Amino acid sequence: MKDKNILILGGGFAGARMAQELTKAGFPNVTLVDRKDYFEVTYSTLRTLAEPEMGERARMKYSDFINGEFRQGNVTELAERRAKLDDGTDVTFDIAVVATGSSYRSFPVAKSADALSIEDRAKEMADEHDRLVAAQKVLILGGGAVGVELAGEIADHYPNKSVTVAEAGDRLLGTLKPKASRIADRQLKALGVNILTNTRLSPEDPEYHQADIVYMCVGLVPNTELMRSSFASILDQSGRITVDDRLRVVGSENIYAIGDCASIPAVKFGYVADAQGVLLAKNFAAIADGKPTKSYKPQAVMSLVPTGRKQGLIQLPFGVKTWRFMVNMKQKDMFISRQFDGLGVKR
């Protein structure tokens, strides 16, 4: 097993962590492919919108820390033993792990669609910061964790701006417990945020045009286009890759999928993707040593949602709390140091 050529497609939380864990476990032939040349701690991007200098710590070139081989490119097609890149070249492998994540098609603040170099990403975020500074009326579409956190950051950093959150459902943080919704509602309103529930706005609505800037924090989609040529039948209704309890792609012997792109019954949070990368690396090491592997068991939903620099909430398995010491775990540096520590990098 250890002499196999292992190809990891996507260098987000799941892919980058797995690449590092495999090389640490003695796998010599690990290649990571990503369309960008940099890793970014996306937990920090909403804070970075208001504090661009934080982005310098949150980003790092793969070539500066990945212990295996890094290759920049966009995988357009995947077959059983071959991946085709957008430059026309093929990369062969014995085992592939698809960790291509997900994206917001129209919200580059959270995850960039166009900035493929670390320099371009820094400029993109600086430009977004300038747009925000110039705006007086801010409209945020979507009251999930991203929309709530973004509203809190903007209202906290710029108390003189008008900030409105429009949520199509009947409460904020609809995937979390009702208590989390009530706390988020109270905390955002204390910052002066206007909250509209049961409201679905489009460019045809007056409220949309009255805003100086609109952030669309909805429409998270898996990046699984590369599967459509040879594996379209294993994509579920959401476009995610169907896997078994060992994270192996259904119907394949040598392809696995982890993170947001996989149809794993788990929340699509970065810490969950990271844990999947660690588990799969351990399973590969177990196979190499002739030991049994472990199935993936979804974790209980835990979510830490800041609403500005001084407050927030955390949902734990036993309840929803506003404990300052726990909220401050993220507020300290938005988990940048913690994420890089997991990758074997000091920041």
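This report covers a parallel sheet, two helices that lie against it, and the residue Gln 187 in a predicted model.

## Basis

The model is predicted: local features need pLDDT of at least 70, side-chain atom pairs count only at pLDDT 80 or more, and totals for chains, interfaces and linings use all residues. Residues are numbered from 1 along each chain as its sequence is written, and side-chain values use heavy atoms, with hydrogens and water left out.

## The sheet

Five strands (DSSP runs of E, at least two residues, numbered from the N terminus) make up an open sheet with parallel pairing, in the order 5-2-1-9-16. Strands pair if DSSP finds at least two bridges between them. Strand 5 (69–72) and strand 16 (255–257) are at the edges; each has a single partner strand, so one side of each has no neighbour in the sheet. On average, neighbouring strands are turned by 20 degrees against each other, direction ignored.

Strand 9 (residues 95–98) runs parallel to strand 16 and is joined to it by three bridges. Ile 255 in strand 16 is the bridge partner of Ala 96.

## Helices on the sheet

Helix 1 (residues 13–24) packs on the sheet and touches strand 1 (6–9), strand 2 (30–34) and strand 9. Its direction makes about 160 degrees with that of strand 1. Helix 8 (residues 270–288) lies across strand 1, strand 9 and strand 16, at about 165 degrees to strand 9. Helices are DSSP runs of H or I, at least four residues. Axes are lines fitted to C-alpha atoms, for helices over the stretch in contact, and angles run from 0 to 180 degrees between N-to-C directions.

## Gln 187

Gln 187 belongs to helix 6 (residues 178–190). Gln 187 is buried (under 20% relative accessible area, with exposed over 50% and partly exposed in between; 1.4 Å probe, protein chains only), at a relative accessible area of 8%. Apart from neighbours within four places in sequence, Gln 187 is in contact (heavy atoms within 4.5 Å) with Thr 307, Gln 311, Gly 312, Leu 313 and Thr 322.
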